[in-house]
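Student: Please take me closely through one part of this structure, the pairing of strands and what is placed around it. I would like a connected account rather than a list.

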Amino acid sequence: MKKWNSAFANLAISYVSIVLVIVLLICSIFYIYFSSHYKEELRSKNQLILENTAQTIEASVLQRVQQIYLDLSLDKTADLRLFTSLQSNLSKVIDMQDLLKSEVASYSDIVQAVHLYDPRQNIMLSSLYGLKFNADQGESAVFLVDWMGGMRSNKHNSLWTKARLIPEDIFSNLPGGNRNALITYAHSYPFQSSGENSDLIIAIDVKEQAIRGIIENMLPTQYESTFIIDPSGSMIAGPDQETLGQQGDYDSSITKVLLSKVEAGSFSDKIDNTSYVVSHQTLLSTGWKIYSAMPSSFFYEKSMVVQKLILGICLLAILVGIILSGILAKASHSPIKRLAHKIRDLSGHTPENATNEYRLIDTAFVRLSDKVSSLEDTLQANSSVIKHNVVLNILRSDYTREELAEDLRFLGIPQEYNHYCCLLLNSGEACARLSSTTMQIVMSWMINLLEAAKLPGSHIIAEELPDKKIVVILCSNEASDAQLEQLSYLVLSEGKQQFELDFQLSWGAWVQEMTDVHMSYNEAQTLMKYGYFLPESSVLKDRSLLERENSLDEIPQSIVVRFRDKLQARQLHEIVITIEQLVGTMRKGMYPADYCHFILANTVFVYSDYLKSVRYKHPVQGHLDLYHQYIEVHNIQSFQDWLVDSVTTFIAQTEKRNSERALSTVESAKQYIENHLPDDLSLEMVSAKVFISPKYLSKLFKEELGVTYTDYVTSQRMERAKILIENNNMTVEQIATTVGYGTAAYFIKKFKEMYGYTPGNYLRQTAKQV
């Protein structure tokens, strides 16, 4: 029994127990974490593949289909607006059909056919079916009516149809034959017109197999259970084109996906009494969702490898832990054994109850602790920490009269005094430049200087506060401001002489009881708040400042509004004047200090928000943390200098950047004017298109081109008019409308003002020259 009760046995058992507990705990955590994490990682990877699949479908199919529409609508060689007048000209109809065929050939991997449809005349020109009158009639119309009818009643400018099976020859009445799964993308022309108001409809038949091929390539293991569904739940693309539009066994989980408001996600569900992990991803351009269901067993089977690995590591760790426990127990027992021998030698005998080394050591430490306790109490009573806490409790008014009388002995006050006054010493901006070590030296030196000062009939207590200020409690037999003056002069002169630092002091009122010192302290604190606005005052003792605390006066909001307006106008001189006016108002007015700080912070926020709105970035500091800079400013004069300097730098950098952007802006405006001569080209409209103000755009035209904006627009319209007159295939009224004039009379007037003769005279002169 003695062997098992020895210190070595206890150490060995303890180490083994700790090893077992730690290993089992860690392995349990690893098992729980890695198993779930691995399964979650597999699900995340599956979701990522689904997201990549969606992006591939968007880029490889949907965006390319939309690009076909843009190619046709923006093709300058074929004006689609003239389609309705081409039916009588078969050669031009053939050219137009060849253009459609070339687009289909360029995108033959995804496109089956392209159709142009005039809803007003019910005429369709198709790359596959040619020119067809009464397009929505006849047996073939059943394959076209979904997009034709959909666009006629569509409030938007485009739509995607559901997938449907269409014969290769829609005009054939023969049964059987090959059928292709197609999805049609229809878009109105012009671009911004709705389907019901469009002049022309461009329809593109997209091969469903192109989308199906992407899914099969990127999701081979779950291809059979992956579909694309539209918002109504109909299947757009899937492994079997015969099941298009159907849901089958996946009905309930597809409904959950459709009801989900998130763009992508996954959840567990039961499908045909089997657990599945269902993932979905939204195709943003169409609103379709990719739906994929994977059996849950797929994730659990792969995590079994991780579980077996963790079990093997656990067994190995236990074995190694037991071996190390024996080694550590032996190593730890050696110093314990030596210490026990030393205690026996010093004590001269072994206690009867000390059956092992631990009990022997414990008994020795109990005796030693008793001796140390009395010494510790004595040291604690003389600790400076107690004095510091007593002062803080006095300032917080946490003492009753009886409790204070008991703790006054820790302050070292030699006698009772009749009057008490609190002074507050603030290093402010001076010590902000010092390191923490240097600042602590300064604080300690000032406290020692104050407590060593000898004033007749007085005692001084000085302590550092948590906010790096020094509080001074002057205990005196008479309420003498002369003593306060003497003490203030000592602090200011020594601070300047020893450390070249400028301090600020504030005086509280004299009180007659130590329990009322907190009132004097609060008054000194209030006065010190105005030191920010009166940095030139070394001693804050003017009681009229206290009246400002209860003032309800408000600084005129027009000053802050003017600062914002001048900032937006970037008028530096006016901004500087406004800042000076704001600072002067705060210094001279009867406004509370906290209210003034609120106005200053609001001014900084106005400035910061404006910099964010114009995306300003400082050339050296990058994005500015203005509020942090404001907090580091220690007085109102420094605030004024900082704000003026920051605004000056901002305006200088902005003007430099704007000069580089001016030429680019003018070129963009000129390009827009050239492309939109028939449209509204007012200064306000064009300035909005190039994202600048009308006034600034007018100024740029005058500076960069030497003409006014209006004169430039008029000259461009007249130049276009001359070209149209020379072509001699339009009336004056048509030319006036084409170049943006509402009436022919006004157009003729402007033309004559520009060239000195009417459009008719110019046409006759041109004819004579020919």
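Tutor: Two strands are said to pair here if DSSP finds at least two bridges between them. The model is a predicted one, and a simple case of pairing in it is that of strand β2 (residues 123–126) with strand β3 (residues 130–133), which are antiparallel and share 4 bridges. Within this pair, Leu125 has Leu131 of β3 opposite it, and the connection from β2 to β3 is a hairpin of 3 residues.

With that case in mind, we can turn to the part I would look at closely, an open sheet of 5 strands whose order is β14-β15-β13-β16-β17 and whose pairing is mixed. The edges are held by β14 (458–464) and β17 (539–540), and because each has a single partner strand, one side of each is left without a neighbour in the sheet. In general, the strands of a sheet pair through backbone hydrogen bonds, and they may do so in a parallel or an antiparallel way. At the β17 edge the pairing is parallel, with 2 bridges joining β17 to strand β16 (residues 504–507), and one residue pair to find there is Leu505 with its bridge partner Val539 in β17.

Helices also pack on this sheet. Helix α13 (residues 517–529) touches β13, β15, β16 and β17, and its direction makes about 30 degrees with that of β13. Helix α8 (residues 384–395) also packs on the sheet, where it touches β13 (419–426), β14 and β15 (470–476), while its direction makes about 100 degrees with that of β14.

A salt bridge adds a further link in this region, since the side chains of Glu523 and Arg543 meet with 2.8 Å from N to O. Glu523 belongs to helix α13, whereas Arg543 sits in the loop between β17 and α14 (544–547), so the pair ties together parts that are 20 residues apart in sequence. The two partners also fall into separate classes of burial: Glu523 has a relative accessible area of 19% and is buried, because buried means under 20%, whereas Arg543 counts as partly exposed at 33%.

Other salt bridges can be set beside this one, for the structure holds 22 of them. Asp398 forms one with Arg396, in which the closest N and O atoms are 3.1 Å apart, and Asp398 is partly exposed, with a relative accessible area of 44%. Lys670 and Glu667 form another, at 3.7 Å from N to O, and this pair lies within helix α19 (residues 636–675), where a spacing of 3 residues separates the two by about one helical turn. Both side chains there belong to partly exposed residues, Lys670 having a relative accessible area of 22% and Glu667 one of 41%. Shared partners also join Lys387, Glu451 and Glu463 into one network of salt bridges.

To place this part within the whole, the protein has 25 helices and 17 strands, and buried residues make up 43% of its 770 residues. Among contacts in the protein with a separation of 6 or more, 62% are between residues 24 or more positions apart.

Terms used: Residues numbered from 1 in each chain as written. Predicted model: local features only at pLDDT ≥ 70, side-chain atom pairs only at ≥ 80, totals over all residues. Heavy atoms only, no water. Buried < 20%, exposed > 50% of the residue type's maximum accessible area, 1.4 Å probe, protein only. Contact = heavy atoms within 4.5 Å. Axes fitted to C-alpha atoms, helices over the stretch in contact; angles between N-to-C directions. Salt bridge = Lys/Arg side-chain N within 4 Å of Asp/Glu carboxyl O.
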